[in-house]
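Visitor: Hi! Could you walk me through this structure, one step at a time?
Guide: Sure, let's put it on screen and begin.

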Protein chains: 2
Amino acid sequence: MAKVEWFAVDWGTSNLRVWAMGADDGVIAELNSEKGMGSLRPDEFEPALIELISSHLADGPMKVLCCGMVGAKQGWSEATYANAPCEPGKLSTATNVEAKDPRISVSILPGVMQSSPADVMRGEETQISGFLAENPNFFGTLCLPGTHTKWVQISAGEIVSFRTFMSGELFALLSENSVLRHGVQGNDWSKRAFLDAVDDSMGSPQQVAGRLFGIRAEGLIGDLGQGEAKARLSGLMIGLELAGARGYWLGQDLALIGEPSLNKLYGDALDQQGALFCSFDGDDMTLAGLKAAHKTLKADIS
Amino acid sequence: MAKVEWFAVDWGTSNLRVWAMGADDGVIAELNSEKGMGSLRPDEFEPALIELISSHLADGPMKVLCCGMVGAKQGWSEATYANAPCEPGKLSTATNVEAKDPRISVSILPGVMQSSPADVMRGEETQISGFLAENPNFFGTLCLPGTHTKWVQISAGEIVSFRTFMSGELFALLSENSVLRHGVQGNDWSKRAFLDAVDDSMGSPQQVAGRLFGIRAEGLIGDLGQGEAKARLSGLMIGLELAGARGYWLGQDLALIGEPSLNKLYGDALDQQGALFCSFDGDDMTLAGLKAAHKTLKADIS
């Protein structure tokens, strides 16, 4: 078996993902755990990590390079934000964590903040840096769909400005905890209902709180199916966001970085607006960003 | 003690409120229970009611007149909706419930539905009918703030059209279940932050999902206080609604019917827009509506 040289770690709120990396930056093993930052106290991070990677540990110390919410105030150790405009995911500003286990040497990459309008990201900056490592001349907008979708303006290899929209969390709250929850279950989906709702929301975003109750009412007195209702709910949220983020995507070079299913959803909505874009897998970009940061580490040492 | 003649019942999702009424429609006793419709199976409604009113029951049968979610599909017995445009809360279309206890004779007043745009109300129609009993010549708009705020156009004693906004439920979900929840606790309140957020939301409603995350970000990297954050969250939701309901209130005679604290909140926002309005207590209007319906019952019998 190839020898593991270092660990690339994506540690988010609800998941911990580790790639055990070889000397040529090839992936030797991929390890996953549900011990996300949200469920751990500060002193529980190191044991959670060791438990997952122990079979790959040698005498060390082996480099463990982390990104994501692990660097939040409630995380393992707070990693200071870089301040936009800035180059994303630079190892030179990473936070070194004192680990008890001598076999690991842990660093957490910085998130990025913006003063006005106030905004923050943790994890996405590493995906952006991975994207830029593969597309160094990109000039335009990146959209990173998720619970808190980021729209990011990129120029000359830097994050110029960005804006986060809570649309994904709103969709989750409304479909799981609101009066709408009984009407939006199951796996059915109506692309037509989704696209119509995107159009409605973009055309008159101020009607969104009324249209949301309309889903409930039509379920009670009409024959609105679960799949149609769910698609409409999703379309209302994404349409509202596309209206708010218009300055980011209209007439701009645009790339989506996220889970393929989310890229597809945003892609369908953007297609209908006539926007052109490319799509990139979010996990691939995270790994590319951690590799790029690790390369600068090797360059620093040599 | 004056003799109880009938019972006026406001049975909502989370509460059951009963007024024990005398011959002159004076309130002899007010009884409350947390046995709302949301926590009861169909066969548990009668025992919950009897438990609350038993000390006031005579041989009967005594009239029990109900409004609210007790008439929903998941309630005691489904009360058919009246179809807008219509007169609200008419006893002639009430649903009679077969009670096992011979001491009571139960009727549930109908809710109101609207086909297009699809919308429904249960309980508010009784408040409206109470308001109209006291203000028979009113022509204009009623706003009934709550979890699902209703805006209702009234003409010639009828509900002409209405629209429900989920703003109250969105506020509750965001302040209790979202990433914002830690930043909006306590009883502090900033009226300035509330009014600024109302203005922001009315001016560019499409930015609301971004501004919501801004509350989180400013809490992380700035010095946004809990009271300011909570007021801003509330202002964003109410401003979004006022923008969507503009056709209902702009240049219209306007009355608010609701909890005094909610009336105050909506009133502050409407004041800033230069709208004129009167405020009425929601419980008073519910009782007035049940009394008005009971009067038609007495008129029918005599």
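Visitor: What turn lays chain A on chain B?
Guide: A turn of 180° does it, with a shift of 0.0 Å along the axis, and the RMSD is 0.1 Å. Keep in mind that this is a predicted model.

Visitor: And what kind of axis is that the relation of?
Guide: A turn of 180° with a shift of 0.0 Å is the relation of a two-fold axis.

Visitor: Which C-alpha of chain A is nearest the axis?
Guide: That of A:Pro205, which lies 3.0 Å from the axis.

Visitor: Do tell me about the contacts too. What share of the contact residues of chain A recur in chain B?
Guide: 100% of them recur, so to speak of one surface is fair: the same surface serves both copies.

Visitor: How many residues are in contact?
Guide: On chain A there are 35, and they are in contact with 35 residues of chain B.

Visitor: Which parts of chain A supply them?
Guide: Two strands, S9 (119-121) and S12 (158-165), and the helices H3 (167-177), H5 (208-221) and H6 (226-244) each supply at least two residues of the side that touches chain B.

Visitor: Which gives the most?
Guide: H5(A) does, with 10 residues.

Visitor: How do the residues on that side of chain A divide into nonpolar, polar and charged?
Guide: The side of chain A that touches chain B has 19 nonpolar, 11 polar and five charged residues.

Visitor: New topic: what domains does chain A have?
Guide: The domain assignment gives domain 1 (6-122) and domain 2 (164-281).

Visitor: How far apart are their centres?
Guide: In chain A, the C-alpha centres of domain 1 and domain 2 lie 32 Å apart.

Technical notes:
Residues are numbered from 1 along each chain as its sequence is written. Chains are lettered from A and ligands numbered from 1 in the order in which they are written. This is a predicted model: local features need pLDDT of at least 70, side-chain atom pairs count only at pLDDT 80 or more; totals for chains, interfaces and linings use all residues. Two residues are in contact if their C-beta atoms, placed from the backbone, lie within 7 Å. Helices (H or I, at least four residues) and strands (E, at least two) are DSSP runs, numbered from the N terminus. Ala, Val, Leu, Ile, Met, Phe, Trp, Tyr, Cys and Pro count as nonpolar, Asp, Glu, Lys and Arg as charged, and the others, Gly among them, as polar. Copies are superposed by least squares on the C-alpha atoms of residues with pLDDT of at least 70 in both. Domain bounds come from an automatic or database domain assignment.
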